[in-house]
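Take a moment to turn the structure around before you read on. Then let us walk through its parts together.

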Amino acid sequence: MTATRNRAPEGDPISIQNGRLHVPDMPIIPYVEGDGTGPDIWRASVRVFDAAVERAYGGRRKLMWYEVLAGEKAFNLTGSWLPDETVEAFKHYLVGIKGPLTTPVGKGIRSLNVALRQLLDLYVCLRPVRYFQGVPSPVKRPELVDMVIFRENTEDIYAGIEYAAGTPEAQCVLDFLRTTFPKDFEKIRFGTGDKVREFLAMLGDGGDEGAVEVGIGIKPVSRLGTERLVAAAIQYAITHRRRSVTFVHKGNIMKFTEGAFRDWGYALAERAFGEHVYTWAQWERTKAEKGEAAANAEQREALAAGAILIKDAIADITLQQVLTRPEEFDVIATLNLNGDYLSDALAAQVGGIGIAPGGNINYITGHAIFEATHGTAPKYANLDRVNPGSVILSGDMMLRYLGWTEAADLIIRALEKTIAQKIVTYDFARLMTGAKEVKTSQFADAMIANMDGE
């Protein structure tokens, strides 16, 4: 059994030349429907995509869908959670889309989503977060949330360099630290049997002989990895006329990883985008030379002339401030773990992860996989019940990436209109007064009908 359900359809592959995508009128788009509720939401979403493209282009353009396998479905059919043929299809056709995938339990691939990002070097996790009028929200002013998160996708702790406690690999790292960097080794509280025994003796516990059990993880952050993410975020801000880019980091504690991310980001912004931006690093230099009043005046003048403000914020403070003053954040560039926390926290402010889209992109090679950002929710599988919003909005992102903005605009207007009519799936209906609860497939029907009303 191969990793594809069918042979590739008629159509043409997307290509990239001189950094620009070349999209044929009938591009072949690999897709993975996903596990659990994936088939339900994919069936609804693909009808929305096809309807939008048909209405926008009158049959002149068409998405040629090509099913490839990953996750539980792939394992059941091929014995592999992520067949090589699937990765090759995404590589060859450049742009694809996927539903939620089961993460294998036990040994093997730690995460199928992370594996795809690593294998294709999809270094940007793009997560736009905005509010649709009428969606139930736990905050008072969800309409103030309009942010685009650029989350670094390949480094930080998601690189997966981790060794289990008590293994020879973990002990090797501990031995290296003890002999090469003894002062740093002293910071590992229970890195030797003597320390373990001493602590257990304090507790009056004689049941352990002092085994060293310390899990080890390594957090790589590189200048190149930082610069390509920051460049993508700033270019996005310029193209879409956004006001600011904020580097979110924990550099006050992790000075040589997250602190370096901030410093490299400022340096890249000034070096590569100097005529388009004003940075807080510039402000600090002017303050040191001429005083705070001069620095403030310089910043006001630059922003009045249309410069994008490049600033930074500590990660924990950011998680507070996106609640208390979300209007101060626009484009956000951040590391992998921070971005994971932040994107889900922001999704909660605008209605939940069920309506949060995502894209994983390499802007250099053109490769991109757009995806649902939620889990598989297997208890709702085959019930035609769950919200397809995450996949639908990921498809909107994909169409915009292809340059098919007319079709993408139809999807957004139809979604807005359908929610305004209070035609929603159960997750929203239970929180809205006067809502009409519909099935997943019926929500797609309503969206398509609202396209016809354009």
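The paragraphs below go from the domains to the sheet, and then to two helices.

Keep in mind that you are looking at a predicted model. The protein is divided into three parts: domain 1 (15–125 + 360–451), domain 2 (137–155 + 221–350) and domain 3 (162–217). Notice that domain 1 and domain 2 are each written as two stretches of the chain, whereas domain 3 is written as one. Between the C-alpha centres of domain 1 and domain 3 there are 45 Å.

Now look for the sheet. In general, the strands of a sheet pair through backbone hydrogen bonds, and they can do so parallel or antiparallel. Here eleven strands make up an open sheet with mixed pairing, and their order is 4-3-5-15-14-6-7-13-10-12-11. Why do strand 4 and strand 11 each have one side without a neighbour in the sheet? Strand 4 (64–67) and strand 11 (277–279) stand at the edges, and each has a single partner strand, so one side of each is left free of a neighbour there. On average, neighbouring strands of this sheet are turned by 25° against each other, if you ignore direction.

Let us zoom in on one pair. Strand 7 (residues 146–152) and strand 13 (residues 331–334) run parallel and are joined by four bridges. If you pick out Phe150, you will find its bridge partner in strand 13, namely Ala333. Strand 13 also has a helix lying across it: helix 9 (residues 258–273) lies across strand 10 (244–249), strand 11, strand 12 (308–314) and strand 13. Relative to strand 10, helix 9 runs at about 160°.

Next, find Asp340, which sits in helix 13 (residues 336–349). An unreviewed UniProt entry lists Asp340 under "binding site". Is Asp340 buried, partly exposed or exposed? Its relative accessibility is 21%, so Asp340 counts as partly exposed; the cut-off for buried is under 20%. Leaving aside residues up to four places away in sequence, Asp340 touches Arg151 and Tyr158.

Our last stop is helix 7 (residues 193–203), whose buried residues are Gly193, Val196 and Leu200. Seen down the axis of helix 7, these buried residues fall within an arc of 60°, so they line one face of the helix. A general rule helps here: an α-helix has 3.6 residues a turn, so residues three or four places apart point the same way. The face of helix 7 turned away from the buried side carries the exposed residues Asp194, Glu198, Ala201 and Met202. After helix 7 comes Gly204, with a positive phi near 75°.

Definitions and conventions: Residues are numbered from 1 along each chain as its sequence is written. This is a predicted model: local features need pLDDT of at least 70, side-chain atom pairs count only at pLDDT 80 or more; totals for chains, interfaces and linings use all residues. Side-chain values use heavy atoms; hydrogens and water are left out. Two strands pair if DSSP finds at least two bridges between them. Helices (H or I, at least four residues) and strands (E, at least two) are DSSP runs, numbered from the N terminus. Axes are lines fitted to C-alpha atoms, for helices over the stretch in contact, and angles run from 0 to 180 degrees between N-to-C directions. Contact means heavy atoms within 4.5 Å. Domain bounds come from an automatic or database domain assignment. UniProt positions are given in the numbering used here, feature names are shortened, and annotations may be inferred rather than shown by experiment. Buried means under 20% relative accessible area, exposed over 50%, partly exposed in between (1.4 Å probe, protein chains only). The arc is that of the directions from the helix axis to the C-beta atoms.
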